[in-house]
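Here is a short tour of the structure shown below, written for someone who thinks at the bench. Have the sequence and the 3D view open side by side as you read.

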Amino acid sequence: MNTFNPTAPGTYISKERVKEEGKAIIKGISSINDTCLITVQGLGMVGVIGVNYRIFKTLAKNVFMVSQASSENNTTFAVRNADADLAVQVLNDEFALERAQGDMNDTVAEKDLATVAIVGENMKRTPGIAGKLFGTLGRNGINVIACAQGASETNISFVVDA
């Protein structure tokens, strides 16, 4: 309670998050205009344990978004445009043997993109948020190149043309 105004409603503190009715579902939108998507791909990745470890061990701290389909034949991630050429080079070096054997393709970089994120605590367990987001983008002619949503359900990130 407010010690200066004891009749004020105060703040409820709990371990459980309470979904507040009438509150905005999306609290914020952010973007990173300097985005390059890098894709590591090949059938030699499917079911092979340690491929993603090798990718992220090689790149260390430059990745700010990851997108991978359940087919496991590719991993796509976002870095800044300035980091792209070096990232492609070190990944091609890391997977040189697999590339030489035809198990993996050359690493591909797609520059000059933008990453956009919608954020909000009330997005959690609210059906239809992603559908509304992607439907709105599609109706306005905006193609989503890659997307990611963590299990926290409080952020949906997607990459589009800059």
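Asp 112 is exposed, with a relative accessible area of 55%. In this predicted model, Asp 112 sits in strand E4. Its backbone deserves a look too: Asp 112 is not a glycine, yet its phi is positive, at about 60°.

Asp 112 is not alone in having a positive phi. Glu 153, also not a glycine, has a positive phi of about 60°, and you will find Glu 153 in the loop between strand E5 (146-149) and E6. Two further cases follow helices: Ala 60 comes just after H1, and Gly 141 comes just after H4. Here they are together.

| Residue | Where | Phi |
|---|---|---|
| Asp 112 | strand E4 | about 60° |
| Glu 153 | loop between E5 and E6 | about 60° |
| Ala 60 | just after H1 | about 60° |
| Gly 141 | just after H4 | about 75° |

**The overall picture**

Let us step back to the whole chain. The protein has four helices and six strands, and from the N terminus on they follow the order β-α-β-β-α-α-β-α-β-β. How does its radius of gyration compare with that of a compact globule of 162 residues? The protein has 20 Å, whereas such a globule would have a value near 15 Å. Along the principal axes, the C-alpha atoms fill a box of roughly 75 × 35 × 30 Å.

Of the 162 residues, 31% are buried. The accessible surface amounts to about 10300 Å², and carbon and sulfur atoms account for 53% of that surface. As for charge, there are 15 positive and 17 negative side chains, with the centres of the two sets 10 Å apart. Contacts across the sequence are well represented: when residues at least 6 apart in sequence touch, 71% of those contacts join residues at least 24 apart.

**Two helices with a buried side**

Now turn to helix H1, which spans residues 51-59 and has Val 51, Ile 55 and Leu 59 buried. Looking down the axis of H1, you would see these buried residues within an arc of 55°, so they line one face of the helix. An α-helix has 3.6 residues a turn, so residues three or four places apart point the same way. The cover over the buried residues of H1 includes strand E1 (28-41), strand E3 (74-80) and H2.

Helix H4 (residues 129-139) can be read in a similar way. Its buried residues include Ile 129, Leu 133 and Leu 137. These residues cover an arc of only 60° around the axis, and therefore they lie on the same side of H4. Which residues are exposed on the face turned away from the buried side of H4? They are Gly 131, Lys 132 and Arg 139. Over the buried residues of H4, the cover includes strand E4 (108-119) and strand E6 (155-161).

**Three buried residues and their contacts**

Val 159 belongs to strand E6. Is Val 159 buried or exposed? Its relative accessibility is 0%, so Val 159 counts as buried. Beyond its neighbours within four places in sequence, Val 159 has contacts that include Thr 35, Leu 37, Met 65, Leu 113 and Val 144. Met 65 is 94 residues away from Val 159 along the chain, and their C-alpha atoms are separated by 9.4 Å.

Helix H2 (residues 81-94) holds Asn 92, and Asn 81 is found in H2 as well. Asn 92 is buried, with a relative accessible area of 15%. Asn 81 is likewise buried, at a relative accessible area of 15%. Their contacts can be listed in turn. Not counting residues up to four places away in sequence, Asn 92 touches Arg 99, Asp 106 and Thr 107. With its neighbours within four places left aside, Asn 81 is in contact with Asp 34, Thr 35, Cys 36, Lys 111 and Asp 112.

That last contact brings us back to where we began, since Asp 112 is the exposed residue at 55% relative accessible area. For a sense of distance, try Asn 81 and Lys 132: these two are 51 residues apart along the chain, and 30 Å separates their C-alpha atoms.

How values were computed: Residues are numbered from 1 along each chain as its sequence is written. This is a predicted model: local features need pLDDT of at least 70, side-chain atom pairs count only at pLDDT 80 or more; totals for chains, interfaces and linings use all residues. Side-chain values use heavy atoms; hydrogens and water are left out. Buried means under 20% relative accessible area, exposed over 50%, partly exposed in between (1.4 Å probe, protein chains only). Helices (H or I, at least four residues) and strands (E, at least two) are DSSP runs, numbered from the N terminus. The arc is that of the directions from the helix axis to the C-beta atoms. Contact means heavy atoms within 4.5 Å. The radius of gyration is taken over C-alpha atoms; the globule rule is 2.2 Å times the number of residues to the power 0.38. Accessible areas come from the Shrake-Rupley method with a 1.4 Å probe; for residues, only the protein chains shown count as cover. Lys and Arg count as positive and Asp and Glu as negative; His and the chain ends are not counted. The place of a charge is taken as NZ of Lys, CZ of Arg, CG of Asp or CD of Glu.
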